[in-house]
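Me: I would like to go through this model with you, beginning with its empty spaces. Please keep the answers plain.

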Amino acid sequence: MLINIAFFQAGWLICVIVSNEVAALAGFALVGAHLVLVSQRPAHEALFIGLGTLLGSLMDGLWFWLGVLVSPEPYSGLIPVWLVALWALFLTTPGHSLAWLAAHRRLVFLLSPVAGAFAYWSASQLGAVELRAPLLGLLAIGMGWLLLFPLFLSWSQHLLREPAAS
């Protein structure tokens, strides 16, 4: 669990502070290291990370398209590649360091919109993204996290649990 927390936190800082292709490579390398060093079911977890990264990237793509989020640097694609890596890094946590939340469903619904919005606000304070209408934008982002994080937590519990012994 400590390795999972350390990889995610280091990756978050690298992606948000550097916020370019090099940061994305570092983030994806940390995801790979997580799959090798931490994951009990790497193939299942890689599938989970891939699906979750796709959904998270689509949500962020919506925020960029609507102008809620703006990148200070030009990028090609739906969202900046470092943000895709950040989603992949985040998706290493529901099955490990954040797995304890599965037993506290009410807390999930209270924390996910606040923590999700806080992460974007923090990234904006470090210059990685801009929030055009901060209050409205953070409310929208929080609602997105209210929808996605419980789904991610549920998927991780289903996909990553050990098969029953026969």
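Me: Which residues lie nearest the centre of the largest pocket?
Reply: This is a predicted model. In it, F8, F90, A115, A119 and W145 lie nearest the centre of the largest pocket, whose lining comprises 26 residues.

Me: How much space lies in that largest pocket?
Reply: The volume of the largest pocket is about 620 Å³.

Me: And which helices supply at least two residues each to its lining?
Reply: Helix 1, helix 4 (81–90), helix 5 (105–125) and helix 6 (134–160) each do so. Helix 5 provides the largest share of this lining, with ten residues.

Me: What is the lining of the largest pocket like by class?
Reply: There are 20 nonpolar and six polar residues in the lining of the largest pocket, and no charged ones.

Me: What about the second largest pocket: how much space lies there, and which residues are nearest its centre?
Reply: The second largest pocket holds about 150 Å³ of space. Its lining has 13 residues, and E21, P74, Y75, P80 and W82 are those nearest the centre.

Me: How many of the residues lining the second largest pocket are charged?
Reply: Two are charged, alongside seven nonpolar and four polar residues.

Me: Turning to enclosed space, how many cavities of 30 Å³ or more does the structure hold?
Reply: The structure has one cavity of 30 Å³ or more. About 40 Å³ of space lies in the largest cavity.

Me: Which residues line the largest cavity?
Reply: The lining consists of N4, F7, F8, L30, V31, H34, L89 and T92. F8 also appears among the residues nearest the centre of the largest pocket.

Me: Which helices contribute at least two residues each to the cavity lining, and how does that lining divide by class?
Reply: Helix 1 (2–18) and helix 2 (21–37) each supply at least two residues to the lining of the largest cavity. By class, that lining has five nonpolar and three polar residues, with no charged residue.

Me: A change of topic: how many salt bridges are there?
Reply: The count is one salt bridge. R132 pairs with E130, and their closest N and O atoms are 3.4 Å apart.

Me: Are those two partners buried or exposed?
Reply: R132 counts as exposed because its relative accessibility is 55%, which is over the 50% cut-off. E130, at 34% relative accessibility, counts as partly exposed.

Me: What about S19: where is it found, and what is its phi?
Reply: S19 is in the loop between helix 1 and helix 2. Its phi is near 40°, a positive value in a residue other than glycine. Most residues other than glycine have a negative phi.

Me: Is S19 buried or exposed?
Reply: S19 counts as buried, because its relative accessibility is 17% and the cut-off for buried is under 20%.

Me: And what is the place of A26?
Reply: A26 is located in helix 2. With a relative accessible area of 26%, A26 is partly exposed. The C-alpha atoms of A26 and L139 are separated by 30 Å, and these residues are 113 residues apart along the chain.

Me: Finally, what is the mean pLDDT of the chain, and which elements have the lowest and highest means?
Reply: The mean pLDDT of the chain is 95, with 97% of its residues reaching 70 or more. Among the elements of the chain, helix 6 has the lowest mean, 95, and helix 4 has the highest, 98.

How values were computed. Residues are numbered from 1 along each chain as its sequence is written. This is a predicted model: local features need pLDDT of at least 70, side-chain atom pairs count only at pLDDT 80 or more; totals for chains, interfaces and linings use all residues. Side-chain values use heavy atoms; hydrogens and water are left out. On a 1 Å grid over the protein atoms alone, a cavity is a set of points where a 1.4 Å probe fits but cannot get out, and a pocket is an open set with protein on both sides within 12 Å along at least five of seven lines; lining residues have an atom within 4 Å of a point. Grid points are joined across faces, edges and corners, and a volume is the space filled by probe spheres set on the points. Helices (H or I, at least four residues) and strands (E, at least two) are DSSP runs, numbered from the N terminus. Ala, Val, Leu, Ile, Met, Phe, Trp, Tyr, Cys and Pro count as nonpolar, Asp, Glu, Lys and Arg as charged, and the others, Gly among them, as polar. A salt bridge is a side-chain nitrogen of Lys or Arg within 4 Å of a carboxyl oxygen of Asp or Glu. Buried means under 20% relative accessible area, exposed over 50%, partly exposed in between (1.4 Å probe, protein chains only). pLDDT is the predictor's confidence in each residue, from 0 to 100.
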